[in-house]
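Student: I have this model open at my bench and would like a close look at one part, the lining of the largest pocket. Please take me through what lines it and how the neighbouring elements are put together.

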Amino acid sequence: LCAGAQRNDLTEAAIKVCPPIAAVIDALNAEPAGGLVRLSGSGATVVAYHTDPAHAEAQAAAIARRFPLWWTAWSPIGAS
């Protein structure tokens with residue numbers, strides 16, 4: 001993904017205001033399904049981009065099991 005070279009300049013500031021964002025990023029990065037993890041915008045959402053839909057689905061399921069109070073979803077980009 002060419003997005004791998006990109007970053008969100010608000011990530012550090014958002015974590016200072018809301019430290020649990022770091023826990024979400026760390027949890028997604030720790031999953032074996034991998035994916036490119038980024039904060040979306042100013043911190044409303046953390047996303048993990050995958051090139052394989054099966055990996056995205058597996059990661060969403062694993063996170064939902066580990067953190068049942070977190071809202072999780074997966075969807076192919078461009079899905080209607």
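**The largest pocket and its walls**

Tutor: Happy to! The lining of the largest pocket has 20 nonpolar, seven polar and one charged residues, where Ala, Val, Leu, Ile, Met, Phe, Trp, Tyr, Cys and Pro count as nonpolar, Asp, Glu, Lys and Arg as charged, and the others, Gly among them, as polar. This is a predicted model, so local features need pLDDT of at least 70 and side-chain atom pairs pLDDT 80 or more, while totals for chains, interfaces and linings use all residues. Residues are numbered from 1 along each chain, and side-chain values use heavy atoms, without hydrogens or water.

The largest pocket holds about 740 Å³ of space. A pocket here is an open set of points on a 1 Å grid where a 1.4 Å probe fits, with protein on both sides within 12 Å along at least five of seven lines; lining residues have an atom within 4 Å of a point. Of its 28 lining residues, T45, V46, V47, A48 and A73 are the closest to the centre. Two or more lining residues come from each of α2 (20-30), β2 (45-49) and α3 (53-66); helices are DSSP runs of H or I with at least four residues, and strands are E runs of at least two.

Let's follow β2 first. It pairs with β1 (residues 36-40) in the antiparallel sense over five bridges, pairing being at least two DSSP bridges. T45, among the residues closest to the pocket centre, is the bridge partner of S40. Four residues lie between the strands of this hairpin, and G41 takes a positive phi near 65° there.

Now for α2. Its buried residues (under 20% relative accessible area; exposed is over 50%, partly exposed in between, with a 1.4 Å probe on protein chains only) are I21, I25, A27 and L28. These four sit on the same side of α2 because they cover an arc of only 160° around the axis, taken from the directions from the helix axis to the C-beta atoms. Their cover includes α1 (11-17), β1, β2 and α3, with contact meaning heavy atoms within 4.5 Å. On the other side of α2, D26 and A30 are exposed; D26 has a relative accessible area of 52%.

Finally, the segment after α3 contains S75, which is partly exposed at 49%. The C-alpha atoms of S75 and A56 are separated by 7.9 Å, with their positions 19 residues apart along the chain.

How values were computed:
Grid points are joined across faces, edges and corners, and a volume is the space filled by probe spheres set on the points.
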